[in-house]
Amino acid sequence: NGTTGITNLPSINSGQIGGRRNIVINGEMKVAQRSTSETGLGAAGGYFTLDRWMMDGAASAGRYTMAQVADGPAGIANCTKLTTTTADTSIAAGEFLTLQTRFEGQDLQQLKKGTASAEQVTVSFYVKGNAAALYVCELFDGDNGRSITQSFAVTTSWNRIELTFAADTSDPLNDDNAISLYIIFWLHAGSNYSGGTFASNTWADKVNADRAAVDDLTSIFDATSRTFSITGVQMEIGSTATDFESRSYGEELALCQRYLYKSIGTQAYTAHGLGSVFAAADVDFITSYPVQMRANATASFGGTVSAAKGTTEVNFSSISDVGGSTFNSFLRCRLAASSFTIGDCLTINNNNDATGYIQFDAEL
């Protein structure tokens, strides 16, 4: 066969045909197993709404709401929106507020970090606010205490930010299921984090004072009118930001369930599984996860969850013991009353409460 030349053929690595470029989970802000909106945040950090997106902060009197909002740019339905509800214009040295997502080291070996072949990575995202603002995006190597930062501007319209970060030939990332790398968005910082020297796009050993030291860093707490919305977050190998890689809701949910699985129904008496009476008011309950979780999970429940035999329903009062593996959990649950006989087989459900749930957490 002869060789045939083809002209004007688009690169197969551009657009959606490239596939599986995005290392970020839930960058499209589709999945919110915990909650779609939480108010009065700011006293402590944690995972509050959107899966895989953690808020971390300290010392500020500022408060905010975090919500999944149906207000994305064209082609993306949802975003994460932060809205200041209590301002804090007197910024103490130790204050900070960040939005971040975290990665297992075993999912990042393709970055070749710590080798002569280390790769550049490009982080892109859509962002807007209620007014012009300047914030900082940081990649933080938690295994080796190394950091690289760039600033980005926000306007009142959706804009796509594209930041290419230099390769790091120093210090490889651990090949395990623990935290290795963070993407961190700095939204508020006292002098302990902003009083140093800002070295844009240069890997260095972490110096806290340098991490958000860009001139004119905006504080999300500077006024109760301040908002920050973000979506379409993508991290990919190389120096070019390609089109955002959209995944189906089912794919994104399964990726999120490695870190959090919430057994919840949309109506009363949704079943969570089967259990048996161990002793007095204790019920043993085994559940299997839809995907293998990152690590052995902790368990909690909310709303009304109960054990039932026939027409007898007794509500859970606490979870007294958790065992199992990354494939399933064994729970010993304390009931509010002793109404069953040892050995009784019971169904576990959310009683007459459409919001009752059991939650399994293996977050980074």
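These are my notebook entries on the pockets, cores and one sheet of this structure.

**Entry 1: the model.** I am working from a predicted model, and I kept that in mind throughout.

**Entry 2: the largest pocket.** I began with the pockets. The largest has a volume of about 380 Å³. Its lining counts 18 residues, and I noted Asn22, Ile23, Ile25, Asp107 and Arg247 as the closest to the pocket centre. Which strand supplies the largest share of this lining? I found that strand 6 does, with four residues. Strand 6 (96–104) and strand 13 (227–237) each give at least two residues to the lining of the largest pocket. I then sorted that lining by class and got nine charged, six nonpolar and three polar residues.

**Entry 3: the second largest pocket.** Next I turned to the second largest pocket, with a volume of about 160 Å³. Its lining includes Ser147, Ile148 and Thr149, as well as Asp205, Lys206, Asp210 and Arg211. Strand 9 (146–154) and strand 12 (204–205) each contribute at least two lining residues here, and strand 9 gives the most, with three. By class, I found four nonpolar, four polar and four charged residues in the lining of this second largest pocket.

**Entry 4: the cores.** Then I went inside. The largest nonpolar core holds 43 residues, and Phe125, Phe152, Phe228 and Met235 touch the most other members. Among the strands that each supply at least two residues of this core are strand 6, strand 7 (121–129), strand 8 (133–141), strand 9 and strand 13. I picked Phe152 for a closer look. Which residues is Phe152 in contact with, leaving aside its neighbours within four places in sequence? My list includes Phe125, Val127, Leu134, Val136, Ile161, Phe185 and Phe228. I also noted another core lying apart from the largest one; this other core has 22 residues, among them Met293, Val305, Ile358 and Ala362.

**Entry 5: the sheet.** Last, I traced an open sheet of seven strands, in the order 2-3-6-11-8-9-12, with antiparallel pairing. Why do strand 2 (46–47) and strand 12 each have one side without a neighbour in the sheet? Strand 2 and strand 12 stand at the edges with a single partner strand each, so one side of each is left free of a neighbour there. I followed one pairing further: strand 3 (residues 54–58) runs antiparallel to strand 6, and the two pair over five bridges. Within that stretch, I matched Met55 with its bridge partner in strand 6, Leu99.

**Entry 6: a link.** Strand 6 kept turning up in my notes: it lines the largest pocket, feeds the largest nonpolar core and belongs to the open sheet.

Terms used:
Residues numbered from 1 in each chain as written. Predicted model: local features only at pLDDT ≥ 70, side-chain atom pairs only at ≥ 80, totals over all residues. Heavy atoms only, no water. 1 Å grid on protein atoms, 1.4 Å probe; cavity = no way out; pocket = protein on both sides within 12 Å on 5 of 7 lines; lining within 4 Å. Points joined across faces, edges and corners; volume = space filled by probe spheres on them. Nonpolar A, V, L, I, M, F, W, Y, C, P; charged D, E, K, R; others polar. Core = buried A, V, L, I, M, F, W, Y, C linked by side-chain atoms within 4.5 Å. Buried < 20%, exposed > 50% of the residue type's maximum accessible area, 1.4 Å probe, protein only. Contact = heavy atoms within 4.5 Å. Pairing = 2+ DSSP bridges.
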